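Please read the following report with the sequence and the three-dimensional picture side by side. It is written for a first-year student, and terms are explained where they come up.

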Number of protein chains: 2
Amino acid sequence: MDKKIIITISREFGSGGRYIGETVANKLNIPFYDKAIIEMASEKTGFSPDYIKENEQKLTGTPLFNFAVSGSYAGNMVFGNGESLQDTMFFAQSNVIKEVASKHSCVIVGRCANHVLEKFDDCINIFIYSNIESKIKRAVEEYKLDSNNIEKILKERDKLREKHYNYYTGKVWGDARNYHACFNSDFIGINNVVDIIEKMAIKKK
Amino acid sequence: MDKKIIITISREFGSGGRYIGETVANKLNIPFYDKAIIEMASEKTGFSPDYIKENEQKLTGTPLFNFAVSGSYAGNMVFGNGESLQDTMFFAQSNVIKEVASKHSCVIVGRCANHVLEKFDDCINIFIYSNIESKIKRAVEEYKLDSNNIEKILKERDKLREKHYNYYTGKVWGDARNYHACFNSDFIGINNVVDIIEKMAIKKK
């Protein structure tokens with residue numbers, strides 16, 4: 001590829017967005033960042049990757065409610081510099097995202113990357129969503145989640161993503177205007193979405 | 001085309017959504033409905049097409065504020081059956097949309113058609129938006145609007161569309177989840193968007 005291309009993918013839980021991102025990265029032969037971002041960020045904060053993964057979207061209030069708390073609950077713990085745990089993790093991850101995007105073409109899934117990289121003019125920002133039926137199917141069959149209360153669980157996961165995104169970006173998660181293109185992966189078809197994104201990337205190179 | 005295909009296009013003002021819809025309709029050789037819907041609806045309500053065009057999105061409040069008023073302002077006039085002028089126009093246009101969509105393949109631009117036809121399973125619902133710079137360019141060069149305060153005018157037009165859509169559908173205008181695919185026409189390119197929609201339609205036939 002002649003020109004650097006950064007593809008960011010925001011997605012509903014169970015919509016196949018991660019698979020789409022990874023497949024596009026493979027087809028374009030460029031790196032794919034998801035958990036890797038967490039691991040790289042964790043090295044900078046000193047928290048373990050598992051701890052960060054567990055806590056990164058457990059945002060329960062606005063900055064006004066980010067009180068320092070004692071005991072084992074560190075969901076919104078505030079550190080000496082006034083940052084909560086989530087803030088620290090978010091900024092660490094954002095720095096990693098900016099670092100890799102400065103260096104080379106890549107696909108980044110989640111982590112508000114479209115917002116973090118809003119000043120980068122070589123981004124293609126995509127939002128992937130799906131019908132609830134196919135999200136349930138994917139969650140149960142592929143992610144092996146318990147089918148009891150699965151619809152409620154999926155909605156809660158998306159609600160967390162929405163709160164996390166809206167809090168850190170000041171924008172509205174899922175508003176089409178935040179992305180260059182948005183696809184219902186169930187309706188369009190996962191492979192067709194991959195093809196469309198790949199063509200967009202090739203045309204932008 | 002073997003199977004009936006209805007393509008609905010919602011769009012920001014100046015995003016090229018109408019042109020995209022008309023071009024897709026021409027390529028697929030199916031009817032295109034925009035002003036024609038207004039004219040057909042007007043025959044059923046008794047209002048002139050110009051009067052409907054001028055007033056259809058002048059919605060200023062919720063149903064609670066739809067008072068009957070006297071004088072020349074009929075923006076929210078309530079008729080004997082409890083419907084405001086906007087309600088009457090909306091329901092008349094919705095009936096026309098359902099009528100044409102029941103009969104044959106077509107492209108329908110605006111008029112909350114994605115919501116009106118939500119029980120039709122042969123719809124492809126698209127949302128088109130664009131960067132403010134290209135919307136201004138299109139508004140001034142193609143629609144010949146005065147360039148003074150043009151950004152403010154464009155935002156007001158979209159605000160009217162948003163209020164109209166949200167009021168009649170109970171959904172959020174521009175939320176990607178209301179459509180099967182959404183495109184920034186400036187970023188993707190008008191002709192590329194036309195090609196993608198055409199391919200989606202051909203694959204669904």
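In this predicted model, the side chains of Arg18(A) and Asp34(A) meet in a salt bridge with an N to O distance of 2.6 Å. Arg18(A) lies in helix α1 (residues 17-28) of chain A and Asp34(A) in the loop between β2 and α2 (35-45) of chain A, so the pair ties together parts that are 16 residues apart in sequence. A salt bridge here is a side-chain nitrogen of Lys or Arg within 4 Å of a carboxyl oxygen of Asp or Glu, and by this rule the count comes to 33 salt bridges over all chains. Side chains of opposite charge can pair when their charged atoms come close.

Because the model is predicted, local features need pLDDT of at least 70 and side-chain atom pairs count only at pLDDT 80 or more, while totals for chains, interfaces and linings use all residues; side-chain values use heavy atoms, with hydrogens and water left out. Residues are numbered from 1 along each chain as its sequence is written, and chains are lettered from A and ligands numbered from 1 in the order in which they are written.

The table lists three of the salt bridges together with the accessibility of each partner, where buried means under 20% relative accessible area, exposed over 50%, and partly exposed in between (1.4 Å probe, protein chains only).

| Salt bridge, N to O | Positive partner | Negative partner |
|---|---|---|
| Arg18(A) and Asp34(A), 2.6 Å | Arg18(A), 31%, partly exposed | Asp34(A), 6%, buried |
| Lys135(B) and Asp158(B), 3.3 Å | Lys135(B), 6%, buried | Asp158(B), 8%, buried |
| Lys137(B) and Glu141(B), 3.5 Å | Lys137(B), 52%, exposed | Glu141(B), 45%, partly exposed |

The salt bridge between Lys135(B) and Asp158(B) links distant parts of the chain, with Lys135(B) in helix α6 (residues 132-141) of chain B and Asp158(B) in helix α7 (residues 150-169) of chain B, 23 residues apart. Lys137(B) and Glu141(B), by contrast, both lie in helix α6 of chain B, four residues apart, which is about one turn of the helix. Salt bridges that share partners also join Glu12(A), Lys135(A), Asp158(A), Asp175(B) and Arg177(B) into one network.

The helices and strands named here are DSSP runs numbered from the N terminus, a helix (H or I) having at least four residues and a strand (E) at least two. Two strands pair if DSSP finds at least two bridges between them, and an open sheet of 10 strands with mixed pairing has the order β2(A)-β3(A)-β1(A)-β4(A)-β5(A)-β5(B)-β4(B)-β1(B)-β3(B)-β2(B). The edge strands are β2 (32-33) of chain A and β2 (32-33) of chain B, each of which pairs on one side only.

At one end of that order, β2(A) pairs with strand β3 (residues 106-109) of chain A in the parallel sense over two bridges, and Tyr33(A) has Ile108(A) as its bridge partner in β3(A). Further along, four bridges join strand β4 (residues 123-129) of chain A to β5(A), and these two run parallel, whereas β5(A) and strand β5 (residues 181-184) of chain B pair in the antiparallel sense over three bridges. Cys182(A) takes part in both pairings, being the partner of Phe127(A) and having Cys182(B) as its bridge partner in β5(B). Both faces of strand β5 (residues 181-184) of chain A are covered, with Ala181(A) and Phe183(A) on one side and Cys182(A) and Asn184(A) on the other all buried.
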